Structures are given as C-alpha cells and as structure tokens.
Amino acid sequence: MPALPLSTPEISVVFPLVDGRVDGIKAVQSWTHLQTIPRDRYQVVAVSDGSDPDADHEIAQLLAPHDLLVCHPTHNFLELYDVGIRRARGRLVVLTEHHCLAHPDCLIEVERFFQSHEYDGACLNIEWLCMNEVARLKWNQR
C-alpha cells in the first residue's frame, strides 16, 4: 500500500528527464524506491521535455501518488529545473540529474545536515557514473 502523501513533504527531489547517460530507470529507482527515509516524507518531481513519451510512461510507473511528472516542452535544460522547483512542495529541494544514482541514505543525510546547520544550500557528495569530459574536469577539481 503506498504511503499517504503529507500536505508538505520535508524534501522534494527535482530532476529533468533528459540526458540519461546511464540506465535512467535505475537512476530514478534510486530516488523512488531505495532511500532509507520514509517514502511519505519526500516528493519526487521529474520534469520531461516531452521528447520521449515511452520513457516518461516508464518513469511515471515508478512514482508515488504524491510525486509529480511534469511535461514542459523546451530545449532549455535549466528551464526544466525551474519548472520542477516551482512545482516542488518540500521545505528542502534537492536538485539532481537523470543519470545520477542516489546513495540509499542520501535524503536522510540531507535532512540531518539542515537540521544541524544554518546554511541556505549544500552540495551532495557523488560518485561519477559517466566520466565524460565535464565529469573529468569536476573530478580533477577535488
């Protein structure tokens, strides 16, 4: 039985459904089914540009009733984030990408961090799954 939605989830995870360089379904499942935080405490907002209706349908099957799949035709990647953020209901918003796998304790750690720190934002520690040119540049900055 799916968890009942809260009127205001603690966290919203927002990601555009473009640029799925690895198994996009596996990436989405890492947010929708593999987190250790109770599922009714966070919302997933997936934003599609509408270019792949079959993939959108697959993603929709992974979402809980309180999640959102928003279709917004555009070629602007950042505009998809904007649309998702505006639809997010969480007190905290986590931005990710369609090719990033979440560690199971990711959202619990986000919540703990903001309970004990007075910051407006933070970055997640990630493992690179696709070492393209941009990822290699970021990796070398560590």
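Two strands are taken to pair if DSSP finds at least two bridges between them, a cut-off that applies to the strands of this predicted model.

**View 1. The pairing of β1 with β4.** Strands β1 and β4 run parallel and are joined by 4 bridges. One residue to look for here is Val-14, whose bridge partner in β4 is Leu-95.

**View 2. The open sheet and its edges.** The sheet is open and has 4 strands, which follow the order β3-β2-β1-β4 with parallel pairing. Because β3 (68-71) and β4 each have a single partner strand, they stand at the edges, and one side of each is left without a neighbour in the sheet. From one strand to the next, the twist averages 20°.

**View 3. Helices against the sheet.** Helix α1 lies across β1, β2 and β4, and runs at about 155° to β2. Helix α4 also packs on the sheet, where it touches β1, β2 and β4, and its direction makes about 135° with that of β4.

**View 4. The largest nonpolar core.** This core holds 21 residues, of which Ile-11, Val-13, Phe-15, Trp-31 and Leu-107 touch the most other members. Two or more residues are given to this core by each of β1 (11-16), α1 (24-32), β2 (42-48), β4 (92-95) and α4 (106-116), with the largest share, 5 residues, coming from α4.

**View 5. The surroundings of Val-13, and a second core.** Leaving aside residues up to four places away in sequence, Val-13 touches Trp-31, Tyr-42, Gln-43, Val-44, Val-45, Val-94, Thr-96 and Leu-107. A second core, separate from the largest one, has 9 residues, including Val-45, Val-47, Val-70 and Leu-80.

Conventions. Residues are numbered from 1 along each chain as its sequence is written. This is a predicted model: local features need pLDDT of at least 70, side-chain atom pairs count only at pLDDT 80 or more; totals for chains, interfaces and linings use all residues. Side-chain values use heavy atoms; hydrogens and water are left out. A nonpolar core is a set of buried Ala, Val, Leu, Ile, Met, Phe, Trp, Tyr and Cys residues joined through side-chain atoms within 4.5 Å. Buried means under 20% relative accessible area, exposed over 50%, partly exposed in between (1.4 Å probe, protein chains only). Contact means heavy atoms within 4.5 Å. Axes are lines fitted to C-alpha atoms, for helices over the stretch in contact, and angles run from 0 to 180 degrees between N-to-C directions.
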